[in-house]
Amino acid sequence: MGVVNDQSPDASATGGSPDSPDTTAAWWSDAVFYQIYPRSFSDSDGDGVGDLPGVVDKLGYLELLGVDALWISPVMRSPMADHGYDVSDPRDIDPLFGGIAALDALIEEAHARDIKVTMDLVPNHTSDRHPWFVEALAAAPGSRERERYIFRDGRGENGDEPPNNWPSIFGGPAWTRVTEPDGTPGQWYLHIFAAEQPDLNWENDEVFEDLATTLRFWLDRGVDGFRIDVAHGMAKPPGLPDMPEELQTGLLINDDDDPRFNNPGVHSIHRRIRAVMDEYPDAVTVGEIWVRDNTRFAEYVRPDELHLGFNFRLAEAEFTADSVRDAIENSLEAVDSVRGVPTWTLSNHDVEREVSRYAEGTTEAVGRDRARAMVLVELALPGAVFLYNGSELGMPNVDLPDSALQDPVWERSGHTNRGRDGCRIPVPWSGDTPPYGFSESPDTWLPMPEGWGGLTAEAQLEDVDSTLSLHRLAIELRRTRPEFAGEEVEWYGAPPGCLAFRRAEGRLVCALNTTDGPVGLPGGEVLLSSAPLVDGRLPANAAAWLV
Ligand code: GLC
């Protein structure tokens, strides 16, 4: 029996709409975005930390890979308490990354190669060193300066208990008490993340006006759009009620009903952002939205809100046919009611890399085979795809020694959660020993392991079977072949442990085998497979494209 054992699709077609939405014409509606975590991509000045001139150096590589757009994790001025997600000046580039001239050069050179540049924006909070927060600390309770953030008096007799029971998503309480200018213990301020990341008060118009200035500032410099950090988090519930204990599930995750996130007021904020974005019709916003309910997710991508929303279901799916199919169906459904564009991502700077996730209970080699299969699944789907730097090389996570850990989560969790450094190791470019061409300095900001010579871009470029070559070819086929047309996906019956879907219009078939033995494939030409076929059969932990 073949993976596609039923040549007529089963009844459960999902995705797309009868009338074509306007969004499908936009450049981002089927773009391959490449996320650059700048500290870890390429270091041009030998300080052990990646920078923007380093990105410019690698534009030839990115052009060869075939990506349409970059998403650059935050490079604005920052004391780096959360490695750039704590912004002290949203309208300047940190000297560590090369200053503003380096961004201008990157935009110019990327555009010359037909690559768009999108930036990360962090509107939920600022750095505690942002001039606004410094002024707020120096000002009195109730002052205009404090109104830009979320300051409250404490509970208890002397106000020495936090205003509510919210934990920080990084561990510890979400409130920190300040010392008033006269030296007495004072009010508390809210920080959903680290204490160095005070939450802004989005009920204050000044906060939006400042963001609007920031949006126009970068768009006028030629930026093609923004990834919006914590896009489900800016609005807070009236009265800041306590959080039910059962929702205090763990670090770095949130429930849909968590009062810290996904409050209805967030949608008017997105509408105001969209009104500014509409002054720049070709620019895009993609929001980080950790919301699982499809109806509530869809609200974020209504035509007057975000252009795109990250759907993390595929990144959370296990390597089983049922789990992957469920993730795909739900991701399509989550945007269908608003005729939005689906998005797909297997990893980013906050989650364990896919090679290591899929290796659980087996070997890293199997994990890599599965990651190769999943990228074919991802690139076969309609919508926008987000690749995380290094995934095209098959980079795994790295277990770092305690002494090397940098993520604030490690300290804030009282050393119970190792944080996200393991997926942020610098990218290996060439050579057989650390730092593999990433930097002139052996002292990279996170240490690079021995034994990565075979993972480097240099080692993989000329090898037609490499993970890098698979990505290059898959992206090229996706871009050039007519079989990838249309927005609708049709499911086929498939044997247990396998799945198969077809692009209804272009008729590309993608088959995935998550079992531990080979399975037959239907007739048709195999356009690409993630592993060599065995006597015409698709091996375990592999995917194939057929036309
Ligand atoms: C987002 C980012 C994450 C950061 C957090 C606080 O979740 O992806 O890296 O730590 O926001 O800004």
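## Exercises on a predicted protein model

Arg339 is found in the loop between helix H9 (321–336) and strand S12 (343–345). The structure is a predicted model, and the exercises below start from this residue before turning to other sites and to the whole protein.

### Exercise 1. Backbone and exposure of Arg339

**Task.** Determine the sign of phi at Arg339, and classify Arg339 as buried, partly exposed or exposed.

**Solution.**

Step 1. Read the backbone angle: phi of Arg339 is positive, at about 55 degrees, although the residue is not a glycine.

Step 2. Set this against the general expectation: most residues other than glycine have a negative phi.

Step 3. Consider the surface. The relative accessibility of Arg339 is 35%. Buried requires under 20% and exposed over 50%, so a value of 35% makes Arg339 partly exposed.

### Exercise 2. The backbone from Pro434 to Tyr436

**Task.** In the loop between H12 and H13, identify the configuration of the peptide bond that joins Pro434 and Pro435, then describe phi and burial at Tyr436.

**Solution.**

Step 1. Locate the segment. Pro435 lies in the loop that runs between helix H12 (408–412) and helix H13 (457–461), and Tyr436 lies in the loop between H12 and H13 as well.

Step 2. Inspect omega. For the bond joining Pro434 and Pro435, omega is about 5 degrees, and the bond is cis. Most peptide bonds are trans.

Step 3. Inspect phi. Tyr436 has a positive phi of about 50 degrees and is not a glycine.

Step 4. Assess burial. Tyr436 counts as buried because its relative accessibility is 1%, and the cut-off for buried is under 20%.

### Exercise 3. Surroundings of Asp82

**Task.** Establish whether Asp82 is buried or exposed, and find the side chain with which the side chain of Asp82 makes a polar contact.

**Solution.**

Step 1. Place the residue: Asp82 sits in the loop between strand S3 (76–77) and strand S4 (89–93).

Step 2. Take its relative accessibility, 4%, which means that Asp82 counts as buried.

Step 3. List its contacts. Leaving aside residues up to four places away in sequence, Asp82 touches Phe170, Gln197, Pro408 and Arg420.

Step 4. Select the polar partner. The side chains of Asp82 and Gln197 make a polar contact at 3.0 Å.

Step 5. Add a distance. Gly225 is 143 residues from Asp82 along the chain, and the C-alpha atoms of the two are separated by 22 Å.

### Exercise 4. Two buried polar residues

**Task.** For Lys236 and for Gln187, name a side chain that serves as polar contact partner, and describe the surroundings of each residue.

**Solution.**

Step 1. Begin with Lys236, which lies in the loop between strand S9 (225–228) and H6. Its relative accessible area is 11%, so Lys236 is buried.

Step 2. Examine the polar atoms. The side chain of Lys236 makes a polar contact with the side chain of Asp199 at 2.9 Å. A polar atom of the Lys236 side chain also lies 3.3 Å from the backbone oxygen of Met234.

Step 3. Extend to other contacts. Not counting residues up to four places away in sequence, those touched by Lys236 include Trp166, Glu203, Arg260 and Asn263.

Step 4. Turn to Gln187, found in strand S8 (residues 185–190). Gln187 counts as buried because its relative accessibility is 8%.

Step 5. Identify the partner. The side chain of Gln187 makes a polar contact with that of Arg146 at 3.0 Å. Beyond four places in sequence, the residues that Gln187 touches include Pro141, Phe151, Asp153 and Glu180.

### Exercise 5. Exposure of Pro281

**Task.** Classify Pro281 as buried or exposed, and give the distance between the C-alpha atoms of Pro281 and Asp92.

**Solution.**

Step 1. Pro281 belongs to the loop between helix H6 (266–277) and strand S10 (284–287).

Step 2. Its relative accessibility is 73%; exposed means over 50%, so Pro281 counts as exposed.

Step 3. Pro281 and Asp92 are 189 residues apart along the chain, and their C-alpha atoms are separated by 24 Å.

### Exercise 6. The protein as a whole

**Task.** Assess how compact the protein is for its length, and describe its burial and charge.

**Solution.**

Step 1. Count the elements: there are 14 helices and 18 strands. The radius of gyration is 24 Å, close to the 24 Å that the globule rule gives for 547 residues, so the protein is as compact as a globular protein of that length.

Step 2. Consider burial and contacts. Buried residues make up 60% of the 547 residues. Of the contacts with a separation of 6 or more, 68% involve residues 24 or more positions apart.

Step 3. Consider charge. There are 44 positive and 94 negative side chains, and the centres of the two sets lie 2 Å apart.

How values were computed
Residues are numbered from 1 along each chain as its sequence is written. This is a predicted model: local features need pLDDT of at least 70, side-chain atom pairs count only at pLDDT 80 or more; totals for chains, interfaces and linings use all residues. Side-chain values use heavy atoms; hydrogens and water are left out. Helices (H or I, at least four residues) and strands (E, at least two) are DSSP runs, numbered from the N terminus. The radius of gyration is taken over C-alpha atoms; the globule rule is 2.2 Å times the number of residues to the power 0.38. Buried means under 20% relative accessible area, exposed over 50%, partly exposed in between (1.4 Å probe, protein chains only). Contact means heavy atoms within 4.5 Å. Lys and Arg count as positive and Asp and Glu as negative; His and the chain ends are not counted. The place of a charge is taken as NZ of Lys, CZ of Arg, CG of Asp or CD of Glu. A polar contact is a pair of N or O atoms within 3.5 Å; within protein, one must be able to donate a hydrogen and the other to accept it, and residues adjacent in sequence count only if both atoms are side-chain atoms.
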